[in-house]
Amino acid sequence: IAVLHHTQIMSEAYFDLLDKYLQVYAKFGHNMILTPVFTPPIDTAVGAERPTNQLVDVRVEQGVYSFEFSKLKRWIALCRKHGIEWFEISHLFTQWGAKHAPKVIANVKGVKRQIFGWDTLANDKAYVQFLAVFAKAFTKEVERLGIKEACYLHVSDEPAEDQIEDYKRASFIVNQLFPEFH
């Protein structure tokens, strides 16, 4: 939407456009939407990336992660306004085998920078620790918003037969950290 309309992602203009798109989306009977908590790592070549589209703000201070959910809250409210009631939480691992982390941007010492992405293996200790902290904060937030049962988590998309073991490892991580989610 932002690229098509030459506007900044997550700006006021973006949310105004999103509101109009969601209205049409729902009008055609759709009631579930991909929700980019982190930039979805889908349909991108290895090493390539999409423009940053991240609803959860991440901060790193002295090695400690914290999260701010106001954009996610706004997204949920807009979706609900149009009758969209189910939320597909964006992929926690890359498409085609779950071999890497998605692109995650964080505020580190006052500077926004990428902390995870193609250079991060899926089972990298730092990424798994990040996911553990995120899982607790995310769970608390979606419970507060009353949408926990309406959330479906993505591990990855389209693993090939030779990628099943990587996918299983990533799926195990998600199931361990988000045990009560679909």
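**Exercise 1. Find how many aromatic pairs this predicted model holds, then describe the one between Phe-138 and Phe-178**.

Solution. Let's begin with the count: the predicted model has 18 aromatic pairs. Next, look at Phe-138 and Phe-178, whose ring centres are 6.5 Å apart with 75° between the planes. Planes over 60 degrees apart count as edge-to-face, and so this pair is edge-to-face. Now place the two residues: Phe-138 belongs to helix 3 (residues 125-145), while Phe-178 sits in the segment after helix 4 (164-177). The pair therefore ties together parts that are 40 residues apart in sequence. Finally, check accessibility: both Phe-138 and Phe-178 are buried.

**Exercise 2. Work out which cluster the ring pairs build, and which charged residues lie over the face of a ring**.

Solution. Follow the ring pairs from residue to residue: they link a cluster whose members include Phe-38, Tyr-65, Phe-93, Tyr-127, Phe-138, Phe-178 and Phe-181. Then turn to the charges. Lys-148 lies over the face of Phe-181, 5.6 Å from the ring centre. Arg-74 lies over the face of Phe-15, and here the distance to the ring centre is 4.2 Å.

**Exercise 3. Decide how many disulfides there are, and whether Cys-79 and Cys-151 are buried or exposed**.

Solution. A disulfide needs two cysteine sulfur atoms within 2.5 Å. The count by this rule is 0 disulfides. For Cys-79, the nearest cysteine sulfur is that of Cys-151, 11 Å away. Seen from Cys-151, the closest cysteine sulfur is in Cys-79, and 11 Å is too far for a bond. For the last step, use the relative accessibility: Cys-79 has 0% and so counts as buried. Cys-151 is also at 0%, so Cys-151 counts as buried.

Technical notes:
Residues are numbered from 1 along each chain as its sequence is written. This is a predicted model: local features need pLDDT of at least 70, side-chain atom pairs count only at pLDDT 80 or more; totals for chains, interfaces and linings use all residues. Side-chain values use heavy atoms; hydrogens and water are left out. Buried means under 20% relative accessible area, exposed over 50%, partly exposed in between (1.4 Å probe, protein chains only). Rings of Phe, Tyr and Trp (its six-membered ring) pair if their centres lie within 6.5 Å; planes under 30 degrees apart count as stacked, over 60 as edge-to-face and the rest as tilted. Helices (H or I, at least four residues) and strands (E, at least two) are DSSP runs, numbered from the N terminus. A charge sits over a ring if NZ of Lys or CZ of Arg is within 6 Å of the ring centre and within 35 degrees of the ring normal.
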